[in-house]
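Visitor: I am new to this one and would like to look around. Could you show it to me and explain the words you use as we go?

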Amino acid sequence: MSVFSKIGGFLRRNRNRFFVGGIIVTGSILLTRYAQQKLREWQQNEAKEFFERTRKQQHFESTERTCNQTILSLVGALNEALSKAINTEDIVAELRNNPENKIELWEELKVLVFCKVSSLIYVSTLLVTMLRVQLNVIGGYLYKDPSCITLEMQQKYLCLCHNLLDAGTLTVFKLLEGEYKKILEILPLQRQLKIDDLEKIFWATQMAVRENSDDPIKNFKNFVIPDNMLNGRDVFNKMVQDTADLLDSDEVKNLVSSCVSRGFVLLGDQIAEYYSPSGSNTFVHPSDVKIHLAKLIPIINGLSSKHSLPDLLIQQLITNDKLKTLGANVYEAFSYNNNNL
């Protein structure tokens, strides 16, 4: 038997094995190629998602920096709006001349000083929250489609915060003035107050404002967005409507209320620095120190008129973790859900 005959017989006897083996080898090659292709696709998708996440993170961080810079740039306008709505300096200047009606002027100044420092807290919190929402709405829209919002449209949209600085500041002042008149009228200028007494006054005012139908927190949306701006269906009006919905949400209102309370705590801490025991050889705990209301008025007026309290308050609001989380959530929502553009 020749060699070729032996090989042929061997192949015939084992052809099923060779057939199955061929299938296995071919299948293994195909599966390997398929796995390699899927691995390359997975790697490409992972790389694409990584670069997309990086781009989005950089865009969001840029939006946050712009937001903080915008807030800081409006501090001067905020102080100017407060001074215009609540002018304490004219009364102070008049008191320096020792007029005959100085008692009446002191009583008027008493109310105005408390109103001014409280208005600063309310308006600053509303302003920072408003800008945090607005800048992240814009950021979300622009990330999704950089050409969907013109520069002119952005400027028009951001100008909504001026409604708060102008008419809104005056409205907050008038509300606080009514509440402080009721609370402070029973406190004579000669009354000595502990720091705890002052904190109770501020707390009582917050509670009175909260129960008032004109509470600026409950009416946040109305302070910045006129009703006639909620009618159109173009991109600008959709942005305004989305912003109105956010400002009118319980989440934002609760957050603003919390920030306002923290603002009054900061105010109390600032005033407490003036409650240091002096002129006594015996130890007196700072919480037991008393100061005449007449002496507290210029102290409180100084905190709001100078930049110590406004700057600290704005810095506290800028770094507030909950406000930053709100901004991040707004950005995330609008960077994905702008399908109606």
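Guide: What follows is a walk through this predicted model, with reasons given for the terms along the way.

Visitor: How many helices and strands does the chain have?

Guide: The secondary structure comes to 14 helices and 2 strands. Of the 341 residues of the chain, 44% count as buried. Among contacts between residues at least 6 apart in sequence, 83% join residues at least 24 apart.

Visitor: Let us start with threonine 88. Why is threonine 88 called buried?

Guide: The word buried is used under 20% relative accessible area. Threonine 88 has 1% relative accessibility, so threonine 88 counts as buried. You will find threonine 88 in the loop between α3 (75-85) and α4 (89-95).

Visitor: Which residues does threonine 88 touch, not counting residues up to four places away in sequence?

Guide: Threonine 88 touches Leu109, Leu112, Val113, Lys116, Asn301 and Ser305, once residues up to four places away in sequence are set aside.

Visitor: And what makes asparagine 98 exposed?

Guide: Exposed means over 50% relative accessible area. Asparagine 98 is at 53%, and therefore counts as exposed. The place of asparagine 98 is in the loop between α4 and α5. Asparagine 98 also has a positive phi of about 50°, although it is not a glycine.

Visitor: Why is histidine 292 called partly exposed?

Guide: Partly exposed is the class between buried, under 20%, and exposed, over 50%. With a relative accessible area of 30%, histidine 292 falls in between, so partly exposed is the right term. Histidine 292 lies in strand β2 (residues 291-292).

Visitor: How far apart are histidine 292 and glutamine 190, in sequence and in space?

Guide: Histidine 292 and glutamine 190 are 102 residues apart in sequence, and 5.6 Å apart in space from C-alpha to C-alpha. Not counting residues up to four places away in sequence, histidine 292 touches Leu189, Gln190, Arg191 and Gln192.

Visitor: How do you know which class glutamine 154 belongs to, buried or exposed?

Guide: Glutamine 154 has a relative accessible area of 18%, which is under the 20% cut-off, so glutamine 154 is buried. Glutamine 154 lies in helix α6 (residues 151-158). Leaving out residues up to four places away in sequence, glutamine 154 touches Ile138, Leu142 and Ile149.

Visitor: Now for the nonpolar core. Which residues touch the most other members of the largest nonpolar core?

Guide: Tyr180, Leu198 and Ile271 do, out of the 96 residues in the largest nonpolar core. Helix α5 (residues 102-144) gives the most to this core, with 23 residues.

Visitor: What is isoleucine 271 in contact with, leaving aside its neighbours within four places in sequence?

Guide: Isoleucine 271 is in contact with Ile195, Leu198, Phe202, Leu296, Ile300 and Leu303, when neighbours within four places in sequence are left aside.

Visitor: At what angle do helices α11 and α12 cross?

Guide: The axes of helix α11 (residues 250-272) and helix α12 (residues 293-305) come within 11 Å and cross at roughly 125°. That angle is outside 65 to 115 degrees and is not over 145, so α11 is oblique to α12. The crossing of α11 past α12 is right-handed. By class, the contact of α11 with α12 has 5 nonpolar, 1 polar and no charged residues. Leu267, Gln270 and Ile271 in α11 meet Leu296, Ile300 and Leu303 in α12.

Visitor: What makes α5 oblique to α10?

Guide: The axes of α5 and helix α10 (residues 235-247) come within 11 Å and cross at roughly 135°. An angle over 145 would count as roughly antiparallel and one of 65 to 115 as roughly perpendicular, so this crossing of α5 and α10 is oblique. α5 passes α10 in a right-handed crossing. On the α5 side, the contact is made by Met130, Val133, Val137, Ile138 and Tyr141, and on the α10 side by Val235, Lys238, Met239, Asp242, Thr243, Leu246 and Leu247. By class, this contact has 9 nonpolar, 1 polar and 2 charged residues.

Visitor: Which classes of residue make up the contact of α5 with α7?

Guide: The axes of α5 and helix α7 (residues 161-184) come within 8 Å and cross at roughly 145°, and α5 passes α7 in a right-handed crossing. Their contact has 18 nonpolar, 4 polar and 3 charged residues.

Methods
Residues numbered from 1 in each chain as written. Predicted model: local features only at pLDDT ≥ 70, side-chain atom pairs only at ≥ 80, totals over all residues. Heavy atoms only, no water. Core = buried A, V, L, I, M, F, W, Y, C linked by side-chain atoms within 4.5 Å. Buried < 20%, exposed > 50% of the residue type's maximum accessible area, 1.4 Å probe, protein only. Helix = DSSP H or I, 4+ residues; strand = E, 2+ residues; numbered from the N terminus. Contact = heavy atoms within 4.5 Å. Axes fitted to C-alpha atoms, helices over the stretch in contact; angles between N-to-C directions. Parallel < 35°, antiparallel > 145°, perpendicular 65-115°, else oblique. Left-handed = near helix turned anticlockwise from the far one by under 90°. Nonpolar A, V, L, I, M, F, W, Y, C, P; charged D, E, K, R; others polar.
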